[in-house]
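Colleague: I'd like to learn how to read a fold like this one properly. Could you walk me through it, feature by feature?

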Amino acid sequence: MSDQTAYAIELNDAAVRRGDRTIWQHGTFAIPTGSVTAIVGTNGAGKTTMMKVELGLLPLSHGTVTVLGVPAGQANKSIGYVPQNYAADIESNLTAEQSVLLGLTGTRFGLHPTTRAQRAKAYQAMEFVGIADKAKFRLSELSGGLRQRVAIAQAIASDPKLLMLDEPLANLDLASQRSVAHLLNQLNRELDMTIQVVAHDLNMLLPILTGAVYLLDGHPHYADMRQVLDSKLLTHLYGTNVQVVTTPQGDMFVTPTPDEPDDGTQDMHTADELARMHRHTQASHDGERGTR
């Protein structure tokens with residue numbers, strides 16, 4: 001895609017305030033075009049705020065932010081966005097096709113005529129995410145994983161250059177999380193789409209992530225995953241003991257340390273839960289490379 005800039009998102013000494021409170025400040029980094037990036041940090045650190053700033057929905061109190069080569073908010077027609085509460089906010093009586101068409105018509109109220117070209121684009125998006133056979137199903141009839149695919153199809157129907165998703169794996173079972181992660185990998189590899197994901201649990205996304213924005217001590221930072229996957233950094237970031245584990249098969253996991261209390265809340269999947277998924281994903285990647 002020759003019209004793309006080298007960096008999809010650039011922050012220069014950016015800061016955000018709400019009232020008298022500084023959410024984060026001194027944000028200076030650039031996220032490469034074509035990357036798959038996570039935004040990570042504890043609850044309240046400002047992860048969703050980061051996306052809203054990049055979409056131009058929240059003003060900076062200091063500094064600048066550029067998205068797709070222009071000031072934030074000016075390129076939103078080239079951005080697909082999946083909010084965290086999509087399934088709750090969308091009308092459950094809409095069909096999957098009607099929901100995806102909203103990504104092209106821009107409204108969810110009333111009856112609006114659609115063109116043959118728009119319906120074709122919606123079908124193309126549904127076919128890519130694997131829900132074309134569910135086009136006439138109402139959202140209330142679909143599982144959480146399928147509704148998330150509808151949300152992604154709606155976001156990509158307009159052929160965005162940048163796809164932003166806020167906690168896309170939240171409230172999904174393990175199989176659905178794996179399916180969505182695989183879909184994001186397809187979007188990145190096959191459509192050359194830059195992807196940014198707000199995430200709490202890194203494990204399911206590790207096979208596809210190239211870097212992460214991490215919100216630490218009131219400051220946003222960006223680094224590639226080799227730097228982020230550091231036990232000391234992640235322990236500081238999450239406020240609990242975290243270790244990075246690599247298995248003999250080469251699978252890497254972020255996991256609470258064995259000395260965590262038995263009754264403690266563990267928000268991250270265990271290595272045993274995810275080892276099969278990682279090996280499956282790696283096999284898929286190898287197969288894709290072999291057919292190119």
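Modeller: Sure. Keep in mind that this is a predicted model. Let's begin with a small feature: H1 is followed by Gly56, whose phi is positive, near 75°. Just after H3 there is a similar case, where Gly106 has a positive phi of about 75°.

Colleague: And the helix ahead of Gly56, how do I read its burial? How many of the eight residues of helix H1 are buried?

Modeller: The general idea is to go by relative accessible area, with under 20% counting as buried. Six of the eight residues of H1, which spans residues 47-54, fall in that class, so the helix is largely enclosed by the rest of the structure. The buried ones are Lys47, Thr49, Met50, Met51, Val53 and Glu54.

Colleague: What does H1 meet in there? Which residues does Gln196 touch, for instance?

Modeller: Leaving out residues up to four places away in sequence, Gln196 touches Met51 and Glu54, along with Ile9, Ile31, Thr37, Ile39, Leu163, Met164 and Leu165. Both Met51 and Glu54 are on the buried list for H1. Gln196 itself lies in strand E8, residues 194-198. With a relative accessible area of 1%, Gln196 is buried too, because the cut-off is 20%.

Colleague: Now helix packing. At what angle do H5 and H6 pack?

Modeller: Start with the angle between the axes: under 35 degrees counts as roughly parallel. H5 (residues 144-156) and H6 (residues 174-191) pack at about 20°, with their axes 9 Å apart. The two are therefore roughly parallel to each other, and their crossing is right-handed.

Colleague: Which residues make the contact?

Modeller: From H5 you have Gly145, Gln148, Arg149, Ile152 and Ile156; from H6, Ser176, Ser179, Val180, Leu183, Leu184 and Leu187. By type, the residues of this contact divide into six nonpolar, four polar and one charged.

Colleague: Those numbers jump in threes and fours. Why do residues three or four places apart point the same way?

Modeller: An α-helix has 3.6 residues a turn, so residues with that spacing end up pointing the same way. Compare Gln148, Ile152 and Ile156 in the H5 side of the contact.

Colleague: On to salt bridges. How many does a search of the whole structure find?

Modeller: Four. For each one, look at the N to O distance, then at where the partners sit. In the pair Glu97 and Lys136, the closest N and O atoms are 2.5 Å apart. This bridge links distant parts of the chain: Glu97 is in helix H3 (residues 96-105), while Lys136 is in the loop between H4 and H5, 39 residues apart.

Colleague: Is Glu97 buried or exposed?

Modeller: Glu97 is buried, at 16% relative accessible area, whereas Lys136 counts as exposed at 61%. Glu97 has buried company in H3, including Val100, Leu101 and Leu102.

Colleague: What about Asp133 and Asp224, which partners do they have?

Modeller: Asp133 pairs with Lys134, the closest N and O atoms being 3.1 Å apart, and Asp133 is exposed at 55% relative accessibility. Asp224 meets Arg226 at 3.1 Å, N to O. Here Asp224 is partly exposed at 23%, and Arg226 is exposed at 73%.

Colleague: And the overall picture?

Modeller: The protein has nine helices and twelve strands. Buried residues make up 46% of its 292 residues. Among contacts with a separation of 6 or more, 63% come from residues 24 or more positions apart.

Methods: Residues are numbered from 1 along each chain as its sequence is written. This is a predicted model: local features need pLDDT of at least 70, side-chain atom pairs count only at pLDDT 80 or more; totals for chains, interfaces and linings use all residues. Side-chain values use heavy atoms; hydrogens and water are left out. Buried means under 20% relative accessible area, exposed over 50%, partly exposed in between (1.4 Å probe, protein chains only). Helices (H or I, at least four residues) and strands (E, at least two) are DSSP runs, numbered from the N terminus. Axes are lines fitted to C-alpha atoms, for helices over the stretch in contact, and angles run from 0 to 180 degrees between N-to-C directions. Angles under 35 degrees count as roughly parallel, over 145 as roughly antiparallel, 65 to 115 as roughly perpendicular and the rest as oblique. A crossing is left-handed if the near helix is turned anticlockwise from the far one by less than a right angle, and right-handed if clockwise. Contact means heavy atoms within 4.5 Å. Ala, Val, Leu, Ile, Met, Phe, Trp, Tyr, Cys and Pro count as nonpolar, Asp, Glu, Lys and Arg as charged, and the others, Gly among them, as polar. A salt bridge is a side-chain nitrogen of Lys or Arg within 4 Å of a carboxyl oxygen of Asp or Glu.
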